[in-house]
Amino acid sequence: MRELLGKRKGDVVQPVTRFYSARSVVPVSRMSTVDLIVIELRKAILAGDLSVGAPLGEVEIAAQLGVSRGPLREGAQRLVQEGLLVSIPGRGLRVRRIGADEVPDLYEARLGLEAHAARRLAQRPNATETAELEACLARLVAVSAGEAPAPIGDADLEFHRQLVDLVGSRRLSARISTLLAETRIASFSAKSGYQVRRSVSPTYRELIDAIVAGDGDAAAFALSRQFEAASARLTGEDDSADTVEVPILDEPLSFTRIESIE
């Protein structure tokens with residue numbers, strides 16, 4: 001992937017079109033062709049390589065992946081179920097767009113799930129689990145000193161994913177994965193382009209400290225304040241935060257050919 005160049009407010013924006021590092025090699029053992037297609041499409045959507053609202057070019061993508069259109073359509077339907085793609089009658093499949101009007105509800109759903117997770121962890125404070133959250137926060141602080149928005153956004157989402165994963169519920173982990181994917185799409189859907197907060201909110205520290213202290217209500221309150229601020233920023237209600245942002249330009253996407261598995 002190409003290097004990201006972000007900005008603080010007032011700086012000149014250097015546009016880019018790709019997010020994340022180069023795609024990792026996907027292991028093919030015990031995976032079907034459709035599984036591999038889903039992985040590649042999901043990565044492209046969540047990396048911003050397939051722009052929100054953009055149609056899914058079946059012919060071009062199938063040719064680049066080296067698969068037929070049948071498996072591609074099956075894989076795309078899985079992403080419709082995940083909420084990453086939408087099917088529009090007469091217009092085919094498109095990458096989902098999550099507008100500002102949906103953002104408050106998205107964060108309301110995240111709060112319900114993540115506050116529950118925080119309370120569960122606070123009921124049984126564990127040094128090992130706390131250390132994992134501390135590592136996630138340290139990563140977020142480190143990358144927030146840079147100029148690239150993608151690593152900051154990745155580190156932020158990983159913190160919240162880890163918060164829920166530590167509960168040990170497969171269903172809760174699956175649900176937060178969907179909500180975090182929607183959060184990334186909402187960020188890509190912003191009119192100003194992909195944007196993340198540079199300064200790390202003190203609520204991350206407050207959340208961990210509350211869990212360590214066994215205070216679930218305080219942990220949930222920290223999340224509530226954090227999400228209120230994030231929602232206000234994404235909806236444009238509050239533009240006071242120091243941000244790193246980059247507009248997204250449309251350029252031809254190139255997929256790596258995958259190995260088909262029967």
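Colleague: Which residues line the largest cavity?
Modeller: This is a predicted model, with residues numbered from 1 along each chain as its sequence is written, local features needing pLDDT of at least 70, side-chain atom pairs counting only at pLDDT 80 or more, and totals for chains, interfaces and linings using all residues. Side-chain values use heavy atoms, without hydrogens or water. A cavity is a set of points on a 1 Å grid over the protein atoms alone where a 1.4 Å probe fits but can't get out, and lining residues have an atom within 4 Å of a point. Here, those are Leu 121, Arg 124, Pro 125, Asn 126, Glu 129, Thr 130, Leu 133 and Ile 211.

Colleague: Which helix gives the most to that cavity's lining?
Modeller: By class, the lining of the largest cavity has four nonpolar, two polar and two charged residues (Ala, Val, Leu, Ile, Met, Phe, Trp, Tyr, Cys and Pro are nonpolar, Asp, Glu, Lys and Arg charged, the others, Gly among them, polar). Helices are DSSP runs (H or I, at least four residues; strands are E, at least two), numbered from the N terminus. With three residues, the top giver to the lining of the largest cavity is helix 5.

Colleague: How do helix 5 and helix 6 run relative to each other, roughly parallel or roughly antiparallel?
Modeller: Helix 5 covers residues 127-143 and helix 6 covers 149-165; their axes come within 8 Å and cross at roughly 165°. Axes are lines fitted to C-alpha atoms over the stretch in contact, with angles from 0 to 180 degrees between N-to-C directions. Under 35 degrees is roughly parallel, over 145 roughly antiparallel, 65 to 115 roughly perpendicular, and the rest oblique. So helix 5 and helix 6 are roughly antiparallel.

Colleague: How many nonpolar residues are in the contact of helix 5 with helix 6?
Modeller: Contact means heavy atoms within 4.5 Å. Helix 5 residues, including Leu 133, Leu 137 and Leu 140, meet helix 6 residues, including Ile 152, Ala 155 and Phe 159. By class, the contact of helix 5 with helix 6 has one polar and four charged residues, while the number of nonpolar ones is 10.

Colleague: Which helix gives the most to the lining of the second largest pocket?
Modeller: A pocket is an open set of points with protein on both sides within 12 Å along at least five of seven lines. Of the 28 residues lining the second largest one, the closest to its centre are Asp 156, Arg 197, Tyr 204, Ala 230 and Arg 233. Helix 4, helix 6, helix 7, strand 3 and helix 9 each supply at least two lining residues. The most, six residues, comes from helix 9.

Colleague: Which residues of helix 9 does helix 6 meet?
Modeller: The axes of helix 6 and helix 9 come within 14 Å and cross at roughly 150°, so the two are roughly antiparallel. Asp 156, His 160 and Leu 163 in helix 6 meet Leu 223, Gln 226 and Phe 227.
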